[in-house]
Amino acid sequence: MKAHGAAPGGVAAAAHPVPKRRSKGQAAAVFVLVGFSMLVPLLFVFGFLTRYSSGYFTDDRSLQEISFEIYHGVEDGVEKSNSQETGSVSPDKELYKRIEKPVNLPAISQKEHIYQTPAKNSTPEGCADSVTGNNATAKESSLLSNRASEGVEKNNNPVGSYETDRSCELEFGSYCLWSRVHREVIKDSLVKKLKDQLFEARAYYPSIAKLKGQEGLSQELKMNIQDHERMLSEAVSDDDLQSSVDVKIQKMDAAIDKATAHTVDCYNVDKKLRQILDLTEDEAYFHTKQSAFLYQLGVLTMSKTFHCLSMRLTVEYFKSPSADIENSISNKIDDPRIQHYVIFSRNILALSVTINSTVVNSEDPDNMVFHVLTSKQNFYSMKQWFARNSYGTANIHVVNINELKLKHFINLDLEELLMSEEFRVSTHVVAQPSPLQTKVKYISVFGHCHFLLSDLFTNLKKIIVLDDDVVVQRDISFLWNLDLGGKVNGAVEFCGIKLSELKSYLGTDIYDGNSCAWMSGINVLNLEKWREHDITGRYQRFLHQLHHENEVSWRAAAIQASLLVFHDQIYALDDTLVQQGLGHDFGICSSNIKNAAVLHYDGNMKPWLDLGISKYKKYWKKYLTREERFMEECNVNI
């Protein structure tokens, strides 16, 4: 029998073992894998990984909040305007607590049956009811109660916390507004005491060590420093500290008192303290940046419960397809005699709240058709949702935008450009670049897909466009009969931003600089005038002139093209019709909210997120469907 593995010459291999060479390539591969395993978490923490293919993305327009700064001032008697896009993209629709007094918008002439409400309060004092409201959290109430004294603080300490908060908002956007309210007070006083003592001892130790005859004190400081470092390395809170911590604190106090009693080189102590301060500031900035990234991650990603709901509805659609409700309304889809509402959405619950609130408050829901434009990933789940849940007698038409045959934007990924876009705009005077002189405003405009509306609804003359983060509190059917005076877009103007401030960013001066920006949320569109002025074609030409190459730059172009293409084509709706800012402004008066016909949760802090502003959530939850079985099974608790 042949011996398996025998060596040449018939000698068994076991008798003369051949030494094996270790592969250098394998060793190198191990080091590469170890390095990669350490690098990936770091990249994640620092925020370089901003896109995922798992499908767990949020479906709201806060996916990209693109901020830019406009510097304007007067030099040598000539007004100058230079724009700079910061390049910071807050994967977020990043929003704004009004630190300054709200801007008083100019009076708007009332035409036809414009909705009228009592005038808004124009000063923070008028918002006292929102400070003490029963639905405000303790932290939010505390924040708002301090707003009245902010003006005094600003005058007494112009470079204090006010400037720091504004600088934070300029860099990190709405995270700073959220963190200001949810800031945790340090309760571990002993740990803080140990750190303070350690900093002070480290500052004095190098100088004491150089003094002759003070070897004993130098050794005492060194031992106490080592004890403190050991305790802090093992403890995060006071509960983790040893029982002897009080004794060690007393010993350190005694050692520091002895050190301060000696004459030392103040320069060395000052230098050491500055080094410690710099390290502490760097550490604080790192943690702020890390927290801001995690905040944006919470805004960007879809929760497991929402993802579960969408998946369960999709599976149910193919498992037991319901009767297609759209067959029964096929004769109404293109009927210009009834009211047509258009909503772009990828969020089932947000969409359902918008539709439900509109229908509940309408006097004639039979005469309403809602056209829901969504992506292919959400198409079947939405069809199943509206097959299972009816909203009065309103008609709902769900459209997969990926299956439409379009004349424009053929080469663009429409699914990624579906929603309205939100921007954070900061302006300040060149001669005074201090954060105190900086204004931060937020604006939302149409996304690229909105400019396909005239192609999608060729038989319609007028439509009303709603964002899926709005709640309707009054009957808005009067907008359908509104005469736009030959204009294309009936919108609420936002005069906190003038086109003259965006002159360099817009890249042209063919407009009235005193014109205000306008807001999406609720818009009345005259499609006949749209086609007459070739709005879609003009918009596409503007985009090509801007020469944007990737998705982020395409989305950033929305504000430029939207403001330019609708210039002189905006019919100003009454500004009291819509209450903006419920997704970023903690200081909105409750009376203004109750009097508004429409609430717009523009901003990162959407009402369906845990990060949402708690005192505003009740207005959204009021219209949320609760009797859905899949919501209970997926543990959707809002």
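## Aromatic ring pairs

Trp608 is buried, its relative accessible area being 6%. This value, like the others in this report, comes from a predicted model. The partner ring belongs to Trp620, which is likewise classed as buried, at 0% relative accessibility. Because the planes of the two rings stand at 50°, with the centres 5.8 Å apart, the Trp608–Trp620 pair is tilted. Trp608 sits in the loop between β14 (598-600) and α20 (617-621), while Trp620 belongs to helix α20 itself, so the pair ties together parts that are 12 residues apart in sequence.

In total, the structure contains 19 aromatic pairs. Another of them joins Phe172 and Tyr285, a tilted pair with 6.0 Å from centre to centre and 50° between the planes. This contact links distant parts of the chain: Phe172 lies in helix α5 (residues 161-172) and Tyr285 in helix α10 (residues 266-300), a separation of 113 residues. Phe172 is buried, with a relative accessible area of 12%. Tyr285, by contrast, counts as partly exposed because its relative accessibility is 39%, and the buried class requires a value under 20%.

The accessibilities of the four residues are set out below.

| Residue | Relative accessible area | Class |
|---|---|---|
| Phe172 | 12% | buried |
| Tyr285 | 39% | partly exposed |
| Trp608 | 6% | buried |
| Trp620 | 0% | buried |

Ring pairs also build a cluster, whose members are Phe446, Phe451, Trp518, Trp530, Tyr539 and Phe566.

Notes:
Residues numbered from 1 in each chain as written. Predicted model: local features only at pLDDT ≥ 70, side-chain atom pairs only at ≥ 80, totals over all residues. Heavy atoms only, no water. Phe/Tyr/Trp six-rings, centres within 6.5 Å; stacked < 30°, edge-to-face > 60°. Helix = DSSP H or I, 4+ residues; strand = E, 2+ residues; numbered from the N terminus. Buried < 20%, exposed > 50% of the residue type's maximum accessible area, 1.4 Å probe, protein only.
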